[in-house]
Amino acid sequence: MNGAHFAFTDRWGGVSAVPYEELNLGGAVGDDPRAVRANREAAAGSLGLDPDRVVWMNQVHGNDVAEVDGAWTSPLPPPVDGLVTAVRGLALAVLTADCVPVLLADPVAKVAAAAHAGRPGMVAGIVPAAIDAMKSLGADPSRIVARTGPAVCGRCYEVPEAMRAEVAAVEPAAYAETSWGTPAVDVAAGVHAQLGRLGVRDRESSSVCTRESGDHFSYRRDRTTGRLAGYVWLD
Ligand SMILES: [Zn+2]
């Protein structure tokens with residue numbers, strides 16, 4: 001739309017073996033690095049992207065955002081949970097397996113951002129940090145398009161009662177209950193509430209729950225498993 005592109009992978013179409021089958025895009029989950037490289041090349045190719053023009057993160061559940069104008073030159077990406085760029089054609093990628101992948105773009109200012117919002121990151125403010133980083137490059141929240149991808153849903157994400165209270169104290173919209181009646185958090189609901197308060201109106205959320213979907217990786221379901229990716233880029 002208007003030169004902004006958003007894409008989310010599922011687990012199929014790659015070369016990784018069990019328990020990472022098939023399209024594991026995570027480089028730090030125990031999978032064969034050659035398989036991950038092949039999968040990243042295949043995923044980029046299917047999106048019409050140059051795999052060398054995809055920027056990855058070393059995600060740590062924090063709220064730091066890095067501005068990038070190209071792929072990392074050092075072998076290890078820095079520990080951040082958000083990326084922002086004003087470079088057209090440069091794709092920003094976020095890895096998840098239950099956490100919320102957040103893709104953002106202002107097609108007018110030509111600024112894109114990707115963020116990894118798990119429960120700790122959402123509470124720590126990775127979403128406002130990503131919006132702030134976009135604004136510093138000229139983005140306007142009223143123009144920002146936000147898409148969140150497959151993630152564990154609020155009916156599946158069971159947490160201790162005290163943890164739900166801590167999360168809801170920061171973000172009331174994340175208060176949830178599992179389908180079996182125990183305390184839960186809905187991270188995507190929290191992310192969207194934060195985006196809404198920041199003035200981002202064009203928001204859509206994936207209907208896929210990773211824990212319930214056999215077509216997606218879920219850390220809470222499988223523990224040792226692969227990672228999905230979300231990609232955002234501008235023409
Ligand atoms: Zn669910």
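**Notebook: zinc site and strand 12**

I looked up the zinc ion and found that its donors are spaced C-x2-C-x52-C-x2-E along the chain. The model I am reading is a predicted one.

Next I looked up which atoms these donors are. The zinc ion has the protein donors Cys153 (SG), Cys156 (SG), Cys209 (SG) and Glu212 (OE). They lie 2.0 to 2.3 Å from the ion.

I then checked the geometry of the site. The angles among the four donor atoms run from 101 to 116°. I noted the site as tetrahedral, because four donors count as such if all angles lie between 85 and 135 degrees.

Is Cys209 buried or exposed? Its relative accessibility is 6%, so I entered Cys209 as buried. The cut-off I used for buried is under 20%.

I moved on to strand 12, which covers residues 228–234. I found seven of its seven residues buried. I went through the two faces in turn. On one side, Leu228, Gly230, Val232 and Leu234 are buried. On the other side, Ala229, Tyr231 and Trp233 are buried as well. I wrote down that both faces of the strand are covered.

Which strands did I find paired with strand 12? One is strand 1, residues 4–8, which pairs with strand 12 in the antiparallel sense over five bridges. In strand 1 I picked out His5, which stands opposite Trp233 of strand 12.

Another is strand 5, residues 91–96. Strand 5 also runs antiparallel to strand 12, and five bridges join them. Here I noted Leu95, which stands opposite Ala229 in strand 12.

How values were computed:
Residues are numbered from 1 along each chain as its sequence is written. This is a predicted model: local features need pLDDT of at least 70, side-chain atom pairs count only at pLDDT 80 or more; totals for chains, interfaces and linings use all residues. Side-chain values use heavy atoms; hydrogens and water are left out. Buried means under 20% relative accessible area, exposed over 50%, partly exposed in between (1.4 Å probe, protein chains only). Helices (H or I, at least four residues) and strands (E, at least two) are DSSP runs, numbered from the N terminus. Two strands pair if DSSP finds at least two bridges between them. Donors are N, O and S atoms within 2.8 Å of the metal (3.2 Å for Na, K and Ca); water is not among the atoms, so sites may look incomplete. Four donors count as tetrahedral if all angles lie between 85 and 135 degrees; four count as square planar and six as octahedral if opposite donors are over 155 degrees apart and all others between 65 and 115; anything else is irregular.
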